[in-house]
Amino acid sequence: MNGTLLWVDDEIELLKAYVIFLEKKEYEVVTATNGQDALDLCRERSFDLVFLDENMPGLSGLETLSRMKEISPTTPIVMVTKSEEENIMDQAIGSKIADYLIKPVNPNQIYLTLKKHLHKREIEAEVTNTGYQQMFSKIGMQINDSYTLDDWKEVYKRLVFWELELSDTGSEMSEMLRMQKAEANGEFAKFVKKNYLRWVQSPEDRPLMSPDIFKRMVFPLLNEGEKVFLVVFDNFRYDQWREISKELADDFTFDEQMCLSILPTATQYARNAIFSGLMPMQIAEMFPSLWVDEDEEEGKNLNEEPLIRTQFERYRRKNTFSYSKLNSSADSERLVERFRNLMGNDLNVLVINFIDMLSHARTESRMVRELASDERAYRSITASWFHNSPVRDLFKELAKTDAHIIVTTDHGSIRVNNPIKVIGDKNTNTNLRYKLGKNLSYNPKQVFELKAPKAASLPSPNISTTYIFAQNDDFFAYPNNYNYYVNYYKNTFQHGGISLEEMLVPLVTMKSKRRG
């Protein structure tokens with residue numbers, strides 16, 4: 001049986017051919033000749049879909065529709081009418097009908113309506129599965145043939161596209177995609193290890209990286225006299241951007257790019273690099289009072305506004321700017337209240353910390369881990385937060401302006417599952433995706449190691465400091481209390497290492513559609 005239908009029409013005898021057609025298609029069809037009988041039937045049993053005539057004696061179709069919604073608010077109702085009056089259509093649509101058919105209808109119209117409202121999910125899943133199966137080999141070849149960062153950006157975009165498509169349909173192909181994504185991350189890690197030092201040492205020839213955002217994206221717009229808002233979501237992945245972009249698509253046009261986060265893919269390094277326009281070692285050498293070493297207790301991202309100022313001064317820029325960090329809804333609400341004041345600045349920098357807080361809460365709270373059990377749920381919570389947050393109101397205000405909005409992040413995160421052992425002294429940092437220290441013990445085949453941090457423009461707290469970075473979905477675990485440590489951190493979202501999710505981050509320039 002494909003479903004149970006209720007058809008309500010005062011001339012139901014004239015529709016017997018349609019009923020027979022639907023019964024041959026394996027639908028059970030229950031009929032009623034008036035609104036009151038239809039309501040009684042709805043109280044007695046449930047239906048998968050209702051066809052409802054608009055023009056009936058007694059209770060009209062619109063009155064029946066309203067009462068039927070009270071009895072069974074989730075049942076799709078299709079209004080069938082001879083009338084094409086705009087007023088009736090508006091009332092029906094305003095009452096949240098599923099569809100609207102004009103008499104005389106034909107069997108194919110009815111069957112299409114059923115497919116659209118009862119079988120859409122199965123049809124979409126079948127088509128999506130077939131589409132991904134057809135693309136599987138092509139993506140595999142694309143992974144093997146990726147020799148530039150632009151190639152890898154295209155691979156990652158394609159993987160995220162199919163991840164979103166398959167997750168929307170609950171497809172069984174998701175496991176195959178997960179394995180292909182793991183393969184891509186393995187090859188991407190090899191690519192990064194081969195090229196990273198060259199990128200760091202050749203600023204003029206490298207792809208766009210964290211320290212280049214102001215110079216290559218922000219300053220050119222300011223030079224043209226444009227107002228700019230730089231919105232930095234902490235710990236924000238490309239797939240999460242794809243989710244919240246759906247909320248913004250009616251109000252903004254997008255110029256979508258990707259930026260390469262520096263290593264370590266952590267706030268202390270990557271975000272400070274964005275705001276200073278410098279690599280971490282350069283910050284530590286040029287502005288030692290603004291750099292905080294790993295072993296110091298001080299917060300690692302407290303000097304962002306001064307770092308922006310140093311970059312403006314280095315380039316002898318006279319632009320006015322503001323800096324705001326939004327750690328809570330109250331912070332966002334206050335910013336929306338004084339939004340008009342921001343328009344007096346050439347540049348406004350906004351740092352939004354919710355997603356990073358969500359990532360940490362997921363690690364530390366069993367309840368949050370249940371709510372964000374996988375990537376699909378993690379994206380869903382991000383989208384739900386954005387929809388209901390005052391940050392959404394901030395973007396509504398931005399849509400009323402002519403400003404250019406640049407949305408980006410310092411780094412992304414990856415869900416880790418594979419522990420690898422590392423031993424360090426008491427001064428070794430606690431991050432699960434990168435370690436630095438002078439007495440690290442590890443398997444060099446499992447990591448990207450930098451025994452000469454200076455070559456990667458990273459500070460060295462000690463002469464013999466070594467940095468190591470996790471790859472794929474690995475995370476570092478200590479031999480002491482190994483099982484407890486692994487069980488606690490397995491299947492958590494972490495950052496600091498090398499993966500597509502952590503390093504290839506959104507960099508999107510937006511303009512209001514309303515203001516041209």
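**Salt bridges, cis prolines and a helix crossing**

Colleague: Let's start with the salt bridge where the side chains of glutamate 256 and arginine 242 meet: what is its N to O distance?
Modeller: Keep in mind that this is a predicted model. A salt bridge here needs a Lys or Arg nitrogen within 4 Å of a carboxyl oxygen of Asp or Glu. Glutamate 256 and arginine 242 pass that test, with an N to O value of 2.4 Å.

Colleague: How many residues apart in sequence are the parts that this pair ties together?
Modeller: Glutamate 256 sits in strand β7 (residues 252-260), while arginine 242 belongs to helix α10 (residues 238-248). The pair therefore links a strand to a helix, and the parts it ties together are separated in sequence by 14 residues.

Colleague: And is arginine 242 buried, partly exposed or exposed?
Modeller: Buried would need under 20% relative accessible area, and exposed over 50%. Its partner glutamate 256 has 24%, so that one is partly exposed. Arginine 242 comes out at 28%, so it also counts as partly exposed.

Colleague: Which residues are joined into one network by salt bridges that share partners?
Modeller: Go by shared partners, since that is what joins the bridges here. The network is made up of Glu163, Lys181, Arg237, Asp239, Arg379 and Glu501.

Colleague: How many salt bridges does the structure hold altogether?
Modeller: One of them pairs lysine 103 with aspartate 9, the closest N and O atoms being 2.9 Å apart. Lysine 103 is in the loop between β5 (99-102) and α5 (107-118) and aspartate 9 in the loop between β1 (3-8) and α1 (16-24), so this bridge ties together parts 94 residues apart in sequence. Both lysine 103 and aspartate 9 are buried. The total for the structure is 32.

Colleague: Which residue is joined to lysine 103 by a cis peptide bond?
Modeller: Most peptide bonds are trans, so a cis one is worth a look. Omega for this bond is about -5 degrees. The partner lies in the loop between β5 and α5, and its name is proline 104.

Colleague: What is omega for the peptide bond from leucine 263 to proline 264?
Modeller: Proline 264 lies in the loop between β7 and α11 (267-276). The bond leading into proline 264 is cis, with omega near -10 degrees.

Colleague: Where is arginine 316, the one with a positive phi?
Modeller: Most residues other than glycine have a negative phi. Arginine 316 goes the other way, with phi near 55 degrees. With a relative accessible area of 74%, arginine 316 is exposed. Its place is the loop between α13 (304-314) and β8 (321-326).

Colleague: What is phi for asparagine 472?
Modeller: Asparagine 472 is in the loop between β15 (466-469) and β16 (474-477). Its relative accessible area is 24%, so it counts as partly exposed. It isn't a glycine, yet its phi is positive, at about 50 degrees.

Colleague: Back to α10: at what angle does its axis cross that of helix α18 (residues 375-388)?
Modeller: The two axes come within 9 Å. α10 passes α18 in a right-handed crossing, and the angle is roughly 35 degrees.

Colleague: By class, how many charged residues does the contact of α10 with α18 have?
Modeller: On the α10 side the residues include Asp239, Glu243 and Glu247, and those of α18 include Arg379. The contact also has five nonpolar and three polar residues. The charged count is four.

Definitions and conventions
Residues numbered from 1 in each chain as written. Predicted model: local features only at pLDDT ≥ 70, side-chain atom pairs only at ≥ 80, totals over all residues. Heavy atoms only, no water. Helix = DSSP H or I, 4+ residues; strand = E, 2+ residues; numbered from the N terminus. Buried < 20%, exposed > 50% of the residue type's maximum accessible area, 1.4 Å probe, protein only. Axes fitted to C-alpha atoms, helices over the stretch in contact; angles between N-to-C directions. Left-handed = near helix turned anticlockwise from the far one by under 90°. Contact = heavy atoms within 4.5 Å. Nonpolar A, V, L, I, M, F, W, Y, C, P; charged D, E, K, R; others polar.
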